[in-house]
Amino acid sequence: MNPVDIYTDGACKGNPGPGGWGVLLKSGGTEKELFGGETPTTNNRMELLAVIRALEALKRPCAVTLHVDSQYVLKGMTEWLAGWKAKGWRTAAKQPVKNVDLWQALDAQVNGAGHKIEWRWVRGHNGDPGNERADVLANLGVEVALGQRQASM
């Protein structure tokens, strides 16, 4: 399996408001950058969409190290997902899972595309070069949402 490092980030100007997502994919000496946005949206939706778009960009099963600065995404995928699915996409408080459409899309990517994924949390805005670049890309995605720039996909 081809090893790929992926850095993702989401941004939102207002929550809800115009938002963007950014992705940096690195494999060997090659890098690819993706970004896009939508409005109105929330920061959590953009964090999820960044990971979904990153995994969709992979053409074949890969050994992925996925770097996220979102505890929401990390805990959702590593702690909460199995319980949500077992409870019919309900939380422990029996409430509907927020952003269920994106969680289901991410679940399908993670469990249906054949990737081996290692989830890593990175502290946001703390000097990690991959995370810093994903943040810049997410903010370019906000410009897409505002009609000031074309998406890069």
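Trainee: Does Trp 89 count as buried or exposed?

Mentor: This is a predicted model, in which local features need pLDDT of at least 70 and side-chain atom pairs count only at pLDDT 80 or more, while totals for chains, interfaces and linings use all residues. Residues are numbered from 1 along each chain as its sequence is written, and side-chain values use heavy atoms, with hydrogens and water left out. A residue is called buried under 20% relative accessible area, exposed over 50% and partly exposed in between, with a 1.4 Å probe and protein chains only. Because its relative accessibility is 17%, Trp 89 counts as buried.

Trainee: In which loop does Trp 89 have its place?

Mentor: Helices (H or I, at least four residues) and strands (E, at least two) are DSSP runs, numbered from the N terminus. Trp 89 is not a glycine, yet it has a positive phi of about 65 degrees. Its place is in the loop between helix 2 and helix 3.

Trainee: Which residue in the loop between helix 2 and helix 3 is exposed at 65% relative accessibility?

Mentor: Most residues other than glycine have a negative phi, and most peptide bonds are trans. A positive phi of about 65 degrees is found at Lys 94, although this residue is not a glycine. The loop between helix 2 and helix 3 holds Lys 94. At 65% relative accessibility, the residue that counts as exposed is Lys 94.

Trainee: On which residue is the kink in helix 2 centred?

Mentor: Helix 2 covers residues 71-86 and reaches 21 Å from its first C-alpha to its last. That is close to the 22 Å expected for its 16 residues at 1.5 Å a residue, the expected span being 1.5 Å times one less than the number of residues. The bend at a residue is the angle between axes fitted to the seven residues ending there and the seven starting there. In helix 2 there is a kink of about 65 degrees, and its centre is Trp 80.

Trainee: Which elements are included in what covers the buried residues of helix 2?

Mentor: The buried residues of helix 2 are Tyr 72, Val 73, Leu 74, Gly 76, Met 77, Leu 81 and Trp 84. Contact is counted for heavy atoms within 4.5 Å. The cover over these residues includes helix 1 (43-56), strand 4 (62-68), helix 3 (100-112) and strand 5 (116-121).

Trainee: Why is the pair of Trp 80 and Trp 84 called tilted?

Mentor: Rings of Phe, Tyr and Trp (its six-membered ring) pair if their centres lie within 6.5 Å; planes under 30 degrees apart are stacked, those over 60 edge-to-face and the rest tilted. By this rule there are three aromatic pairs. The ring centres of Trp 80 and Trp 84 are 5.7 Å apart, and the pair is tilted because the planes stand at 45 degrees.

Trainee: How many residues apart are Trp 84 and Trp 103, which link distant parts of the chain?

Mentor: At 9% relative accessibility, Trp 84 counts as buried. Trp 84 forms an edge-to-face pair with Trp 103, at 5.0 Å centre to centre and 65 degrees between the planes. Trp 84 belongs to helix 2 and Trp 103 to helix 3, and their separation is 19 residues.

Trainee: Which element gives the most to the largest nonpolar core?

Mentor: A nonpolar core is a set of buried Ala, Val, Leu, Ile, Met, Phe, Trp, Tyr and Cys residues joined through side-chain atoms within 4.5 Å. The largest one has 34 residues, and Trp 103 is among those that touch the most other members. Elements that each supply at least two residues include strand 1 (2-12) and strand 2 (17-27). With eight residues, the element that gives the most is helix 1.

Trainee: How many disulfides are there?

Mentor: Cys 12 is buried, with a relative accessible area of 17%, and Cys 62 is buried at 3%. A disulfide is a pair of cysteine sulfur atoms within 2.5 Å. By this rule the count is zero.

Trainee: Which residue does a cis peptide bond join to Thr 39?

Mentor: One cis peptide bond joins Asn 15 and Pro 16, with omega about 15 degrees, and Pro 16 is in the loop between strand 1 and strand 2. Strand 3 (residues 30-41) contains Pro 40. With omega about -10 degrees, a cis peptide bond joins Thr 39 to Pro 40.
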